[in-house]
Structures are given as structure tokens and as C-alpha cells.
Amino acid sequence: MRPIRSAVALLLAASTSLALASCGLFGSRGPVKIAAIGSLNPASTPLSGELSAANAALLDASAQGLVGFDGDGQIDVGLADRWTVTADGRSYIFRIREAKWTNGRKVMAEDVAATLRSYLAPASRNLLKDDFPEIDTIKAMTDSVIEIRLTVPQPNMLELLAQPTMAIVYKGMGWGPMRAKRIGRAVLLSPVPDPLAEDPDAAEAAANDPKASIELVGTSPEGALARFKNGYADGVLGGRFSTLPYFIASDIGRSRLVVDPAPGLFGLVFTRAEGFLAIDANRDALSRVIRRERLVDAFGLAEWQSQVAMRPTAHRRDGGPAPIPPAWNDYDDPSRLVQAQRVVNAWRSGGRAIDPLRIAVPDTPGGRILYAYVAADIARLGIETRRVNMASTSDLRLIDEVAPNDDALWALRRLSCQRDTLCNREAQELIDQAMANIDAGQRAEQVSEAEAVLARYTPFIALAAPLRWSVASQRLTGLRPNARGAHPLNRLITPPN
């Protein structure tokens, strides 16, 4: 760990001058200053594919979805100021607030409905388009009312709609709750004045109060931390396991670190089933031999927890079912190693070779640490590995995704018959049946059956919970850890009196 720490420290030192050179617009009494990790592109939309932390924060502030998250990760109002769910759970009806697009035109329900339909279209690049299988229709009932009609109930629909990926961008325009203005490398965000205010001039003046504004910049992880350390940022957003070593090397106090207890998927998914990897037991042997707690401990963060099941415990729609731990979970590491070695020896006894395994992880300090520990554990079986970039052809590839809601089927769908996963038809049929089932008891049984089939098939090596971290000064009273990893910009501070 010491050589990696030293290298990261050098990177931080080199980036400090770059960070300071572009900080002229930041004042000590002005807007809240946020450095988000990743590129910042005001033209980015939910149709652009995966969003950087900076772009996600900007979209969530300037084009929030029908609903949003508050500072605790709970559902809050968004473009819709109220909503109703029918008794059968198959219809969500939203009333759109009085709002205007950035060109001054009134927001109409049909505009919003058309936008949502485009996100879920087959050709869409929206990351959540496959997570709405229950939706039947999206239509405007009046100029200010939208109905989302479902084929089966989905109690966790609002959590999906609150994601930045479902921000309402219509023909390149947002509606709020903040308006964005580009200033050099940064974007200045100020509250949208209340269109129903009795005194429009007073509302405009309040919206222009610098203390109510946010200055957002997208930058590298080392640049973001350098800004914070040198007083040019009040907070840093968008940290992951891959960038945690930069924080460790920064010597910023741990009291400033905010770690989100976010459930989801973090581990290695098998991307091909050929040769040695074609056999379920062989893939299982690789999973058995990984020492997860040792790997997580290498990052030096007590809040980060290892994980062995495909689904996190927090994912319990309708109160269940509980995730299924792997069959080897009750054995200690020496026993697991012996069990895995028998499987590998049986394969090699037939004169069959095992090609080096290509493992795709981010080319970052955290990615290299993770690979080193995984490779060392697999090497105990006499199997060679190679680290490759995330875009390269691989045998195993890292998945690092926070669950968008608490539906138990989310993780199973994500690991079954996707473009970057293996496909077990028996498990997929059970998943499809559970998605279409309106009986909660039967659905729970089908979820457990599907998970059991996938566990035996072993398409995925679970390692830990996803790691999401931020850095907050005392000024950011609204930046609190939460299970959604949600930190909306308009909720970071208490509004000025």
C-alpha cells in the first residue's frame, strides 16, 4: 500500500497548481462550491448513456425528474408536486407543478410524457430503460397530469423515477429546480424563481442571492480533492472505490469523509463460458478462493463491507425474500482453498489447460489494488491472470453499480442474459415469471428459485457492497450518508433566511 500511497500523493501535488489556476471565480462568501469527479458537459442528457458524477449532479439540479431524493435519500417532490397510486398498485398519477422550460415555455404534461417514453424506447441509451418492465403506457391525462400505467404493481417505482438518469430534459431544456449558467469551466446554478410568487421581483432577487447558489465544476479525483484541501471547494462528490486511494493520500481528515451505505452489485461478472470457464463448478471454485475481507481491508475503510451473496440484504421488496448465501459460506478459507483446488486439479487431470484469465478493472489506483488481491487469491490455484482495461475483451469484468431501488429482481435481472453477462435460460424464465406475477407470495418464491439457480450457475463473483464516498465541509449541512448515495445540489445547505 505504501508505494501506491506515494504515487497518488505525487499525482495530487502535481494537480494542485492546475486546480488553483482555475479557481478565480470562487469567493469566500459566495455560492457553495462543489467539485464533482468526472467531466462536466451541460449538453449531456439521460439519453447520453452512463453519466459522470458531475453530469448526474447537474441534471438532477437543472432538470429533476417527476420526483427526487432529499438529503437522506428519501423520496421528495420534483417536477411533480403531488402524486397518487391507485389501490391496485398499477397506476401512478402525477400532477405537474407550475414550471417553465429554459426558453420560457410552460411545461406541459405531454412534453414530459414524450420525454419519458423516449427514455424507455428500444433504441434509447438510458441506463435504466430495462428496469421498467412493468410499464404499459405513459400518457398525459390533462395539461398538468401524467399517468404511468403498469401491467403489474411495482412498489418501488418512485425510487427509479427519482434517479438523475430519469431527469426530465425536453429538447435539450430543463425546468429546474435550479437554472444553469456556464462560467468558464464551472456551471453556476441558482434557484428558479417561484412562478406563482405574489412579488416576482422579490422572488427573482431571492433566487439571485449568492448564498443560495451552487458553483459546480467537473474535474479529476486528485483535482477535486486538491480544491477541497486548499479551500476552493466546499465539497467533493462522486467518489468510488477506484478513487479512494486519492482521498487516503490527500491527508484530508476522516471527519470530512461521507460514506454511503449503498446496496448494489460490486464484483466480477463472467463475460464468457468457454474452456475452463464453461463449467459451473470451475467458476464456483474461483469465487470460493477469493478472500473478500482481506481485499476490503486493503483499502483501509471500516465502513466498506464485504459481500458474498448476489443480492444485498437491503434489497427486500415486500419484506423478502432474504438473499441466498453461497454453499461454501460456512467454511473457513483453508477449507475453501482445498475445495477449489480439488476442482481445478480434476480439470487438469484430463490434460486440459487453463488459459490466463483476463480481468477487466478500472485503470485507477483502486482498480489496481483490487486486481492485485484478486489475482493473488486466484494464483493460489495455480491459475494466471492478466489485468485489462474495462473496454477490452475480458473473461471477467468488474460491475460497480448502486441499486436504483429495493426490488429483489433488480440484481437478478442485471446478472442474467444481459449483453455483458452469461445466460442461464432456466433462471431467466423464473425471473420473467416473477416480473409478471402480481401475487407477492408466489413472486417471493420465484425470486428465491431464480436466485438459487443463478447461485449454482455462478455468473458472478460478489466481492463487496458498492463504495460511494463524498467529502463535505461544515458548510454542507445537507450532505449526509444515505442508502441511495443521493446528494442533490439543492439540498446541500440550509436555505438562507
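A helix, in the naming used here, is a DSSP run of H or I at least four residues long, and helices are numbered from the N terminus. With that in mind, the reader can turn to the model, which is a predicted one, and begin with its second largest pocket. The largest share of the lining of this pocket, five residues, comes from helix α5. Helix α5 covers residues 200-207, and it is joined by α2 (53-62) and β8 (178-183) among the elements that each supply at least two residues of that lining.

The pocket itself has a volume of about 1,400 Å³. Rolling a probe the size of a water molecule over the atoms shows where empty space is left. Around the second largest pocket stand 50 lining residues, and those that lie nearest its centre are Gly176, Pro177, Met178, Pro191 and Val192. Sorted by class, the lining is made up of 29 nonpolar, 12 polar and nine charged residues.

Helix α2, one of the contributors to that lining, also contains alanine 54. The relative accessible area of alanine 54 is 0%, and because buried means under 20%, this residue counts as buried. Leaving aside neighbours within four places in sequence, its contacts are Ala36, Ile37, Gly38, Ser39, Leu40, Leu216 and Gly218. Alanine 54 also illustrates how the fold brings together parts of the sequence, for its C-alpha lies 7.2 Å from that of valine 217, although the two are 163 residues apart in sequence.

Further along the chain, the structure holds one disulfide. A disulfide is a covalent bond between the sulfur atoms of two cysteines. Here the partners are cysteine 417 and cysteine 423, whose sulfur atoms are 1.8 Å apart, and the link is right-handed, with 75° about the S-S bond. Cysteine 417 counts as partly exposed because its relative accessibility is 24%, and cysteine 423, with a relative accessible area of 32%, is partly exposed as well.

The last stop is asparagine 437, which sits in the loop between α13 (425-436) and α14 (440-457). Is this loop residue buried or exposed? Its relative accessibility is 13%, and therefore asparagine 437 counts as buried. A polar atom of its side chain lies 2.9 Å from the backbone nitrogen of aspartate 439. Not counting residues up to four places away in sequence, asparagine 437 touches Gln442, Arg443 and Gln446.

Conventions. Residues numbered from 1 in each chain as written. Predicted model: local features only at pLDDT ≥ 70, side-chain atom pairs only at ≥ 80, totals over all residues. Heavy atoms only, no water. Buried < 20%, exposed > 50% of the residue type's maximum accessible area, 1.4 Å probe, protein only. Polar contact = N/O pair within 3.5 Å; in protein donor to acceptor, adjacent residues only side chain to side chain. Contact = heavy atoms within 4.5 Å. 1 Å grid on protein atoms, 1.4 Å probe; cavity = no way out; pocket = protein on both sides within 12 Å on 5 of 7 lines; lining within 4 Å. Points joined across faces, edges and corners; volume = space filled by probe spheres on them. Nonpolar A, V, L, I, M, F, W, Y, C, P; charged D, E, K, R; others polar. Disulfide = S-S within 2.5 Å.
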